[in-house]
Amino acid sequence: MGKTHRGKGLKDQVRQGRSECPVCKRTAVKVVFEVQVKDKTIKVCKTCKASISHGKFQKEAEALVPAS
Ligand SMILES: [Zn+2]
């Protein structure tokens with residue numbers, strides 16, 4: 001895995017990858033981690049990515065997936 005979420009790789013992104021995490025609502029965190037929810041990919045912060053992959057925040061994550 002490359003360092004796409006660190007240093008120079010972040011500078012190419014909007015506000016250097018920092019914004020509000022849609023799951024935990026913290027601001028100025030790096031919302032650069034992609035997580036799969038119901039066949040869709042959403043971007044969340046690091047801790048939420050870990051939480052979702054461990055089965056937490058499932059409801060919150062699913063609410064972020066646009067209904068198709
Ligand atoms: Zn979060």
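**Exercise 1. The zinc site**

Task: Determine which residues coordinate the zinc ion in this predicted model, and state what arrangement their donor atoms adopt.

Solution.
Step 1. The zinc ion is coordinated through the SG atoms of Cys 21, Cys 24, Cys 45 and Cys 48, at 2.2 to 2.4 Å.
Step 2. Along the sequence, these donor residues follow the spacing C-x2-C-x20-C-x2-C.
Step 3. The 4 donor atoms subtend angles of 105 to 114° around the zinc ion, so the arrangement is tetrahedral. The cut-off used here requires all angles to lie between 85 and 135 degrees.
Step 4. Accessibility can then be examined for two of the donors. Cys 21 is buried, because its relative accessibility is 0%. Cys 24, with a relative accessible area of 26%, is partly exposed.

**Exercise 2. The hairpin and the core**

Task: Describe how S3 and S4 pair, and identify the elements that give two or more residues to the largest nonpolar core.

Solution.
Step 1. Strands S3 and S4 are paired in the antiparallel sense, over 5 bridges. As an example of a bridge, Glu 34 has Lys 43 in S4 as its partner.
Step 2. The two strands form a hairpin with 2 residues between them. Lys 38, in the turn, has a positive phi of about 50°.
Step 3. The largest nonpolar core contains 13 residues. Those with the most contacts inside this core are Cys 21, Val 37, Ile 42, Val 44 and Ile 52.
Step 4. Two or more residues of this core come from each of strand S3 (33-37), strand S4 (40-44) and helix H2 (46-53).
Step 5. Ile 42 serves as an example. Leaving aside residues up to four places away in sequence, Ile 42 touches Phe 33, Glu 34, Val 35, Val 37, Ala 61, Leu 64 and Val 65.
Step 6. A general tendency gives the context: in soluble globular proteins, nonpolar side chains tend to be buried together.

**Exercise 3. The two sides of helix H2**

Task: Find the buried residues of H2 and explain why they are assigned to one side of the helix.

Solution.
Step 1. The buried residues of H2 are Cys 48, Ser 51 and Ile 52.
Step 2. These residues cover an arc of only 95° around the axis, and therefore lie on the same side of H2. The general geometry of the α-helix is relevant: with 3.6 residues a turn, residues three or four places apart point the same way.
Step 3. The face turned away from the buried side of H2 carries the exposed residues Lys 46 and Ser 53.
Step 4. The cover over the buried residues of H2 includes S3, S4 and helix H3 (58-64).
Step 5. Ser 51 counts as buried because its relative accessible area is 17%, and the cut-off for buried is under 20%. Beyond four places in sequence, Ser 51 touches Lys 56 and Phe 57.

**Exercise 4. Positive phi in the loops**

Task: Locate Lys 25 and Phe 57, and state the phi and exposure of each residue.

Solution.
Step 1. Lys 25 lies in the loop between strand S1 (18-19) and strand S2 (29-30). Its phi is positive, near 65°, in a residue other than glycine.
Step 2. With a relative accessible area of 53%, Lys 25 is exposed.
Step 3. Phe 57 is located in the loop between H2 and H3. Although Phe 57 is not a glycine, its phi is positive, at about 60°.
Step 4. Phe 57 is partly exposed, its relative accessible area being 32%.
Step 5. A glycine may be added to the list: Gly 55, which follows H2, has a positive phi near 95°.

Terms used:
Residues are numbered from 1 along each chain as its sequence is written. This is a predicted model: local features need pLDDT of at least 70, side-chain atom pairs count only at pLDDT 80 or more; totals for chains, interfaces and linings use all residues. Side-chain values use heavy atoms; hydrogens and water are left out. A nonpolar core is a set of buried Ala, Val, Leu, Ile, Met, Phe, Trp, Tyr and Cys residues joined through side-chain atoms within 4.5 Å. Buried means under 20% relative accessible area, exposed over 50%, partly exposed in between (1.4 Å probe, protein chains only). Helices (H or I, at least four residues) and strands (E, at least two) are DSSP runs, numbered from the N terminus. Contact means heavy atoms within 4.5 Å. Donors are N, O and S atoms within 2.8 Å of the metal (3.2 Å for Na, K and Ca); water is not among the atoms, so sites may look incomplete. Four donors count as tetrahedral if all angles lie between 85 and 135 degrees; four count as square planar and six as octahedral if opposite donors are over 155 degrees apart and all others between 65 and 115; anything else is irregular. Two strands pair if DSSP finds at least two bridges between them. The arc is that of the directions from the helix axis to the C-beta atoms.
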